[in-house]
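Student: I have this one open on my screen and would like to talk it through with you. Shall we start with the empty space inside and then move on to single residues?

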Amino acid sequence: MPSSRRLLAGLTLATSLISPPLLADARPLAVVAPWEVTGSDPSTSGYIFGRMGIAETLVEVDAEGRPAPGLASDWSVDEEGLSWRFGLRDEVVFHDGTPLTAEAVAASLRYAQAKPGMLSSAPIAAIEADGDAVVITLEAPFAPLPALLTHSTTQILAPAAYAEDGRVEAMIATGPYRLTELSPPQRLTAERFADYWGAAPAIEAVSYLAVGRGETRALMAESGDADIVFTLDPASRGRLARQERLALHVEPLPRTIVIKVNAGHPFLADETARRALSQAIDRRGIAAGLLRAPEAAAPELFPASLGPWHLGLDGEAGDPAAAQGRLDALGWQANGQGVRERDGEPLRLTLTTFADRPELPLVATALQDQWRELGIDLEVAVGNASGIPSGHRDGSLELGLAARNYGLVPDPLGTLLDDFGGDAQAPGGDWGAMNWSDAEVTAWLDTLRHDADPATRAELAGRVAERLNQAMPVIPVAWYQQTAAVNAELQGFSIDPLERSYRLEELTWTP
């Protein structure tokens, strides 16, 4: 059966005999990526609405990754660091035609604060409108507040978007594209918003389709059923690079493929065991052989793009002999089947991962082979992405392989507070530490909340990074490379390294 895109092409050809051809900017644009759209609420799907240019935040991010004006034209903080004042842009309207007001912004942020998201890590006492500005009052100084307000969970929606209890009933925002159809969990369509406050995009209509299987996404790029396809598996990248009608793009991101470790597990509670697992990994082999990007090998958690958080360590090839010695010291001895045992119990673990990112099962299989040489019987379980956070919450997770984005906001602190800022009573977050806490790390992160001195912040960032590298509550494997296959007739395409936007408003069709 012919695809819908081919049917559309046939209809266009037929009607061109009796009507002028479509204008270049009237040609629709189709985006395909792995991530589902679960509904209208920014707390769950805001990253898709932001990437598609539908919803915006109070604060944006500039080309250097620093907070910059968004819907807020400017901001300031008082001497005590407790009262932040955000002025708003003039003449901004929501997609339903209502004006952007301080009251609407304050209400939207209060709704966001009440739900899971970045704002929960800030000590916010009140969010109020004051004339044409929004004032956020804090209980304690919190230097990275503007960075948190760039996160997709803080997107500003119109009053009509909310039910009385704060539920989001409709996606009514301010972006250059206006939502026209939402069919969770897979599809949305949007059209150019004629009253957008900024430069109008050239392309009139865009669509998004969530496709979980990497092979299917690659086939859609190859067949022309999609114009932009994100997150390609390494094998498909080689094939698509030979297609003349496609352009292949690769961009390093502040995202790290990590192994989340249950530090409460009796086999993994000792830091020595976690370091042994890390030393046994041939990161260079995984990066070059599986990811086709030797430079992606990650001997530490944070890539160079994160500045003072990056330590500049070596060790991509691992040290299997040192890893063997560490397990020997812990009393693990090889049995006749090549599996280590201690007190009659085999060293058997389960690594949970998911296929939404097609490289993760491949990396998991490589780890299984490499750790087998260490005497570990590792089972790989490939399921849904939700399996890792749910396993964290119910305590069943032993090891989880995922890709964690430490650039969710311009300051990594927002993510690290959630991942590693807990104490013994509430250690770690869904994608960070599990049953691990460190009083000094918690104190350093707490200081970073309020201390704005650049030298102090750089020093503490290095301390945190070094301690995490020593204790290994999560084990780094590779730094992530975002990939995209793009219709060669599109001009102006680029990948946002912070993954905030697909930059659709910058694109044009070749005339």
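Student: What volume does the largest cavity have?

Tutor: This is a predicted model, and in it the largest cavity has a volume of about 100 Å³.

Student: And how many cavities of 30 Å³ or more does a search of the whole structure find?

Tutor: The search finds six cavities of that volume or more. The second largest cavity holds about 80 Å³ of space.

Student: Back to the largest cavity, then: which residues line it?

Tutor: Its lining consists of Leu232, Pro234, Arg237, Ile257, Leu291, Glu359, Trp479, Tyr480, Gln481 and Thr483. By class, that lining has six nonpolar, two polar and two charged residues.

Student: Which element gives the largest share of that lining?

Tutor: Strand S19 does, with four residues. Helix H6 and strand S19, which spans 474-487, each supply at least two residues of the lining.

Student: What lines the second largest cavity?

Tutor: The second largest cavity is lined by Arg51, Phe230, Gln482, Ser494, Ile495, Asp496, Glu499, Ser501 and Tyr502. The residues of this lining divide into three nonpolar, three polar and three charged.

Student: Glutamine 482 is in that list, so let me ask about it: where is glutamine 482 found, and is it buried or exposed?

Tutor: Glutamine 482 is found in strand S19. Its relative accessible area is 5%, and glutamine 482 therefore counts as buried, the cut-off being under 20%.

Student: Which side chain does glutamine 482 join in a polar contact?

Tutor: The side chains of glutamine 482 and glutamate 499 are joined by a polar contact of 3.3 Å. Leaving aside neighbours within four places in sequence, glutamine 482 is in contact with Phe230, Thr231, His249, Val250, Glu251, Leu253, Ile495 and Glu499.

Student: Thr231 is one of those contacts; what is the phi of threonine 231?

Tutor: Phi of threonine 231 is near 65 degrees, which is a positive value in a residue other than glycine. Most residues other than glycine have a negative phi. Threonine 231 sits in the loop between strand S11 (228-230) and helix H6 (234-240), and with a relative accessible area of 0% threonine 231 is buried.

Student: What about arginine 292, where is it and what is its phi?

Tutor: Arginine 292 lies in the loop between helix H8 (283-289) and helix H9 (320-329), and its phi is near 55 degrees, again a positive value in a residue other than glycine. Arginine 292 is partly exposed, with a relative accessible area of 48%.

Student: Changing topic to the peptide bonds: what kind of bond joins proline 184 and proline 185?

Tutor: A cis peptide bond joins proline 184 and proline 185, with omega at about 5 degrees. Most peptide bonds are trans. Proline 185 lies in the loop between strand S8 and strand S9 (187-192).

Student: Which residues does proline 185 contact away from its sequence neighbours?

Tutor: With neighbours within four places set aside, proline 185 is in contact with Glu36, Val37 and Ala210. The C-alpha atoms of proline 185 and valine 37 are separated by 4.6 Å, although these residues are 148 residues apart along the chain. Proline 185 has 34% relative accessibility and counts as partly exposed.

Student: And threonine 150, where is that, and what does its side chain have 2.6 Å away?

Tutor: Threonine 150 is found in the loop between helix H4 (145-148) and strand S8 (177-183). A polar atom of its side chain lies 2.6 Å from the backbone oxygen of alanine 147. Threonine 150 counts as buried, at 0% relative accessibility, and, not counting residues up to four places away in sequence, it touches Thr57, Val59, Glu60, Val61, Val409, Pro410 and Arg500.

Student: Last one: what is the average pLDDT, and where is it below 50?

Tutor: The protein averages a pLDDT of 91, and 94% of the residues score at least 70. Over residues 1-22 the pLDDT is below 50, and beyond near neighbours in sequence this stretch has eight contacts in the model. Where pLDDT is low, the predicted coordinates should not be read in detail.

Notes. Residues numbered from 1 in each chain as written. Heavy atoms only, no water. Buried < 20%, exposed > 50% of the residue type's maximum accessible area, 1.4 Å probe, protein only. Polar contact = N/O pair within 3.5 Å; in protein donor to acceptor, adjacent residues only side chain to side chain. Contact = heavy atoms within 4.5 Å. pLDDT = per-residue confidence, 0-100. 1 Å grid on protein atoms, 1.4 Å probe; cavity = no way out; pocket = protein on both sides within 12 Å on 5 of 7 lines; lining within 4 Å. Points joined across faces, edges and corners; volume = space filled by probe spheres on them. Nonpolar A, V, L, I, M, F, W, Y, C, P; charged D, E, K, R; others polar.
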